[in-house]
Amino acid sequence: MATHPVDGAALVQSRFRALIADDQRSARDAISRVLVDDDTIDIVSECENGNEAIAAIAEHAPDMLFVDVQLPEVPGFQVVESSGKIPAVVFTSALDRYAARAFDAHAADFVVKPFQHERLLQAVERAKLRVQMERSRVVLPTQTSLESSDPQLTTQAPKYLERLALRNGNRIFFQRVQLVDSFTAAANYVFVHCGAQAHRLRSTMNELGRKLDPKQFIRIHRSTIINLECVREFRPLPHGDYLVKLLDGKELTMSRNYRQQFRQALSRLSYTQ
């Protein structure tokens with residue numbers, strides 16, 4: 001198990017601690033190269049098997065974990081289950097059949113081997129955004145104790161949509177909502193965009209919008225809802241509109257009417273000037 005030294009100064013909230021667990025040296029090197037190029041990420045450890053990974057997670061408490069599903073000694077899924085709460089987990093595998101189980105385990109992403117550099121970059125960005133979202137949900141202890149001591153202040157959190165049942169010919173498959181990049185309207189249907197794929201869902205934008213978690217999904221146009229975790233950048237266009245670019249390169253237009261709520265939503269996830 002190789003441990004990377006980390007500066008002794010306290011890590012600020014804009015930094016991330018990453019741990020890599022894979023028995024293939026080439027896979028560890030590919031992930032490490034992408035992480036090293038990001039000056040907000042510190043690699044705290046690289047592990048070759050599940051037992052090493054469990055010990056390293058307990059020692060370093062990483063923000064993000066890149067773990068092979070078929071890790072020796074203890075498989076990747078069991079490593080995650082036995083290690084408690086890790087803000088962002090990216091599962092990797094040479095077999096895409098593990099993708100559904102990875103998403104059911106609330107993974108930030110699932111990347112198929114052999115790795116493509118751009119795909120790893122996308123996974124890293126998703127992991128960082130997942131960590132930022134988890135940090136933004138931290139509640140001050142004084143507020144927690146106040147709410148728990150007064151039943152009138154305790155309310156049940158709303159239940160938002162977690163999976164979509166989508167049709168592909170005669171086949172029905174389930175898609176985790178948190179991994180959808182965007183939704184676009186078309187008459188009485190909504191197109192569900194997941195990377196290069198798009199699936200049609202019979203619904204209206206208003207109906208769908210009420211079922212989505214507003215901390216993760218935001219409407220930027222009367223016909224467009226996006227996943228905040230998938231936003232790479234945005235910039236102004238003439239006449240007050242904005243262009244929003246997603247991690248997969250897709251470019252969408254944000255109407256000026258939704259600009260303020262979009263900026264407010266982003267401010268809850270990260271520092272914006």
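## A tour of the fold, from whole chain to salt bridges

Among contacts in the protein (heavy atoms within 4.5 Å) between residues at least 6 apart in sequence, 51% join residues at least 24 apart. This is a predicted model, where local features need pLDDT of at least 70 and side-chain atom pairs count only at pLDDT 80 or more, while totals for chains, interfaces and linings use all residues. For your selections, residues are numbered from 1 along each chain as its sequence is written, and side-chain values use heavy atoms, with hydrogens and water left out.

**Whole chain.** Start with a cartoon view: the protein has 8 helices and 16 strands. Both are DSSP runs, numbered from the N terminus (helices are H or I, at least four residues; strands are E, at least two). Now switch on a surface, and about 15,000 Å² is exposed, with carbon and sulfur atoms supplying 49% of it. Areas like this come from the Shrake-Rupley method with a 1.4 Å probe, and for residues only the protein chains shown count as cover. Of the 273 residues, 45% are buried. Here buried means under 20% relative accessible area, exposed means over 50%, and partly exposed is in between (1.4 Å probe, protein chains only).

**Helix H1.** Select 25–36 next. That is helix H1, with 12 residues and a reach of 16 Å from its first C-alpha to its last, close to the 16 Å expected at 1.5 Å a residue. The expected span is 1.5 Å times one less than the number of residues. Which residues of H1 are buried? Show Ala27, Arg28, Ala30, Ile31, Ser32, Val34 and Leu35 as sticks. To see what covers them, add strand E2 (16–21), strand E3 (41–47), strand E4 (64–68) and helix H5 (117–136), which are among the covering elements.

Stay on H1 and pick out Arg25 and Asp29. Their side chains meet in a salt bridge (3.1 Å, N to O). The term calls for a side-chain nitrogen of Lys or Arg within 4 Å of a carboxyl oxygen of Asp or Glu. About one helical turn separates the two, because they are 4 residues apart in H1. Arg25 counts as exposed at 54% relative accessibility, whereas Asp29 is partly exposed at 26%.

**Helix H7.** Jump to 205–211. Within this helix, Glu207 and Lys211 are 4 residues apart, about one turn. Their side chains form a salt bridge too (3.6 Å, N to O). Glu207 counts as partly exposed at 32% relative accessibility, and Lys211 is also partly exposed, with a relative accessible area of 40%.

**The E14-E15-E16 sheet.** Now select 231–254. You'll find an open sheet of 3 strands in the order E14-E15-E16, with antiparallel pairing. Strands E14 (231–236) and E16 (251–254) are the edges, each pairing on one side only. From one strand to the next, the twist averages 25°; angles run from 0 to 180 degrees between N-to-C directions, with axes as lines fitted to C-alpha atoms (for helices, over the stretch in contact). Pairing requires that DSSP finds at least two bridges between two strands; E14 and E15 (residues 242–246) have 5. Zoom in on Val231 and you'll see it opposite Leu246 in E15.

**More salt bridges.** Last, show Asp248 and Lys250, whose side chains meet in a salt bridge (3.0 Å, N to O). Asp248 is partly exposed at 31% relative accessibility, and Lys250 is partly exposed with a relative accessible area of 22%. Then select Asp109, Arg119, Arg126 and Asp181: salt bridges that share partners join them into one network. The structure holds 18 salt bridges.
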